[in-house]
Amino acid sequence: MCGIFGYVGKQNNAAQIVLEGLRLLEYRGYDSWGIAVKSGKKLMVNKQVGKIESAKTTLSASFLGIGHTRWATHGGVTENNAHPHLDCKQEIALVHNGIVENFVALKEELIIRGHSFNSETDTEVIVHLIEEYLKKEGFASSVRDSFNRLKGLNAIVVAYAVSRQIIACKTGSSLVVGQKNSDFYIASDALGITDHTKKLFFLKDGEMVILGEKLQLISIANGKKLKANFETIHWKQEDSKIGNFNHFMEKEIYEQPRVVRTIARTADQDIISLSRTIKRARGTFFIGAGTAFHACLAGTYLFSGIAKIHVNTAVASEFNYLEDFLTKESLIIALSQSGETIDVLEPLNRAKGKGSRIVALTNVLGSSLYRLADHSLILGAGVEKAVASTKAYTAKLALLLMLAHAMNGEIKKAKKNLLETSKEIQRLLSAPSRKNIRKIALVLKSSEHIYTIGRGVSYPTALEAALKIKEVSYIHTEGLAGGELKHGTLALVEKGTPCIVFAPNDDTYEAMISNAIEIKSRGGVIIGISTKKSSVFDYFIEVRDMGWARIIAQIIPAQLLAYYLAVERGCDPDKPRNLAKSVTVK
Ligand code: F6R
């Protein structure tokens, strides 16, 4: 996770430039932040715990600065653990994204050599290591030699008080360089840079870049010079304003009718072409993390039910351990809102090494996933800012529904179904429906545990509903297949335990009602999300029968319920504790 931003050039307000850059990268981590600028032959540092939103910096005028917004991996959320980290002489400042897997051994070695540490982070070893190498060699080779000793997937940006250069290295986490005349910018992604310049260079793994009077690109492995291929990007970086909503999560939930409608009207050609790619492949795999994984699982059900084709699904972080059978003919369809999730990118790199074909379904043009894939489809959900994914989830489901129908040559059916569903989502977001859901949130807000169950295509819905509720309201919520409850978890149900039951008008209905009765017989409180009322429901949310697109419609009340639970419990639904929008560490 973590956002990195750096600037070196002719403008002498580096701190301000870096601060503004970090604000745009805050979705990558928001527990603390820090900036270092070069002032004469000294480095000045400003670090703070907390969100960067309206923070100010008092750092003086400078032509060179680096900064970081943190999501803690090693060491608690304290000012000392915030980046940039400094060496013993306070001449080198370093910001880092990733995990130094061998930091314990390196730290022991450096302590023996007399270095003293100020933080509990793995990052600090890198800056002391550079200090050590600097005793016998120059800045650039010290950074390179130090980086070569790190294990894990890392990106670093380093400033040195006596040099007018910024040096960056990477393996894994993304870094983008922007150039405008003699000004250089470096950031974790293009979003931080495109306000300044559209001339970008995406650093590859194993490359080191030196930014100063000019740019030099070097191989980290052997120090050989490389050519930097800048591209001028033509896409406009979208922004998203909160408007009249209280939170971005609320706003993004409300955008879903439009997102689903737009996909129904515009995605045909891309989807038809992807359906041909799937038909040519021998073995197709959907991979994703968190909410994106739930969309993958939904895809497997849709493909089975609609196209009568089996598609494998795996949690992206587990795919490395399942990939032995991949061949040149395998197709991996990676789903990722951000396109930066390391758990998704890492197995894709390995699969690429085996010659497998990669297709990306991502929301972010120019993201690492977008550039890595052989073919990319943009979700078209628009900027998603809230950490909890809502509209990107329904966008993925809409595309997968179209894809499953396209496999049968029946894409028109999907389009019609999605357009009707867009109206049903609108109804679910109307005032009477919201009032009902808010009332249920008031009933559930003091619960310690909530269970969510569904069968068939509603099983991924149950998982996603549970994830949404727990991540924004901090109520422990567990999603299960309806049939699994009595294999263990039912033991936890007692008087008053709430259980959300997804019971759509399909072949799962009867069995779901039986499960609800089993829970109720043990004192559970049933919230039924269904096409029809049942006497077993204590509370009822109606979702009209949307055919296969029920998978989209029925998540909407769960998203709203999660949002209201967060608000009622005084949690920030947009920036839940311990999380970040883009997960760039393993
Ligand atoms: C939950 C949520 C996360 C993400 C996951 C993958 O609401 O947003 O579970 O779905 O971190 O992120 P992307 O889709 O960016 O790869």
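The following dialogue discusses how to read the ligand site and several local features of a predicted model.

Biologist: Which residues surround the ligand, and which of them are the closest?

Modeller: A ligand site is read by listing the residues around the molecule. Here 16 residues surround the ligand, and the closest are Ser 336, Gln 337, Ser 338, Thr 341 and Glu 471. By class, this shell has 6 nonpolar, 7 polar and 3 charged residues.

Biologist: Which polar atoms of the protein lie by the oxygen atoms of the ligand?

Modeller: One asks whether each partner atom belongs to the backbone or to a side chain. For Thr 291, a polar backbone atom is 3.1 Å from an oxygen atom of the ligand. For Ser 389, a polar backbone atom is likewise involved, with a ligand oxygen at 2.9 Å. Glu 471 contributes a polar side-chain atom, which lies 2.4 Å from an oxygen atom of the ligand.

Biologist: How much of the accessible area of the ligand does the protein cover?

Modeller: On its own, the ligand has 400 Å² of accessible area, and the protein covers 89% of this.

Biologist: Which helices give two or more residues to the shell around the ligand?

Modeller: They are helix H8 (291–307) and helix H15 (458–473). H15 gives the most, with 3 residues.

Biologist: Where does the ligand lie with respect to the domains?

Modeller: The reasoning compares the shell with the domain assignment. Domain 2 (245–429) and domain 3 (430–573) both give residues to the shell, so the ligand lies between them.

Biologist: Ser 338 was listed among the closest residues to the ligand. Where does Ser 338 lie in the fold, and is Ser 338 buried or exposed?

Modeller: Ser 338 lies in the loop between strand S18 (331–336) and helix H10 (342–353). A loop position does not by itself settle the burial class; the relative accessibility does. For Ser 338 this is 9%, and the residue therefore counts as buried, the limit being under 20%.

Biologist: Which contacts does the side chain of Ser 338 make?

Modeller: The side chain of Ser 338 reaches the backbone nitrogen of Glu 340 at 3.1 Å. A polar contact at 3.4 Å also joins the side chains of Ser 338 and Thr 341. Thr 341 is itself one of the closest residues to the ligand.

Biologist: How should His 85 be read?

Modeller: One combines element, burial and contacts. His 85 lies in strand S5 (residues 85–86) and is buried, with a relative accessible area of 2%. A polar atom of its side chain lies 3.2 Å from the backbone oxygen of Asn 81. The side chain of His 85 also reaches the backbone oxygen of Ala 82, at 3.5 Å.

Biologist: Which form does the peptide bond from His 83 to Pro 84 take?

Modeller: The omega angle gives the form of a peptide bond. From His 83 to Pro 84 the bond is cis, with omega near 0°. Pro 84 is found in the loop between strand S4 (64–70) and S5.

Biologist: Which residues other than glycine have a positive phi?

Modeller: Backbone angles are best read together with the place in the fold. Lys 308 is one of these residues, with a phi of about 55°. Lys 308 lies in the loop between H8 and strand S17 (312–315) and counts as exposed at 66% relative accessibility. Asn 578 is another, with phi near 65°. Asn 578 is placed in the segment after helix H18 (555–568) and counts as exposed at 61% relative accessibility.

Biologist: How many disulfides does the structure hold?

Modeller: Cysteine pairing is judged from distances between sulfur atoms. The structure holds 0 disulfides. For Cys 2, the nearest cysteine sulfur is that of Cys 169, 17 Å away. At 6% relative accessibility Cys 2 counts as buried, whereas Cys 88, at 34%, counts as partly exposed.

Biologist: Where is Glu 448 found, and is Glu 448 buried or exposed?

Modeller: Glu 448 is found in the loop between helix H14 (431–444) and strand S21 (449–454). Its relative accessible area is 63%, so Glu 448 is exposed. Separation along the chain and separation in space are read together as well: Glu 448 and Ile 475 are 27 residues apart along the chain, and their C-alpha atoms are separated by 5.9 Å.

Terms used. Residues are numbered from 1 along each chain as its sequence is written. This is a predicted model: local features need pLDDT of at least 70, side-chain atom pairs count only at pLDDT 80 or more; totals for chains, interfaces and linings use all residues. Side-chain values use heavy atoms; hydrogens and water are left out. A residue is near a molecule or strand if one of its heavy atoms lies within 4 Å of it. A polar contact is a pair of N or O atoms within 3.5 Å; within protein, one must be able to donate a hydrogen and the other to accept it, and residues adjacent in sequence count only if both atoms are side-chain atoms. Accessible areas come from the Shrake-Rupley method with a 1.4 Å probe; for residues, only the protein chains shown count as cover. Helices (H or I, at least four residues) and strands (E, at least two) are DSSP runs, numbered from the N terminus. Ala, Val, Leu, Ile, Met, Phe, Trp, Tyr, Cys and Pro count as nonpolar, Asp, Glu, Lys and Arg as charged, and the others, Gly among them, as polar. Domain bounds come from an automatic or database domain assignment. A disulfide is a pair of cysteine sulfur atoms within 2.5 Å. Buried means under 20% relative accessible area, exposed over 50%, partly exposed in between (1.4 Å probe, protein chains only).
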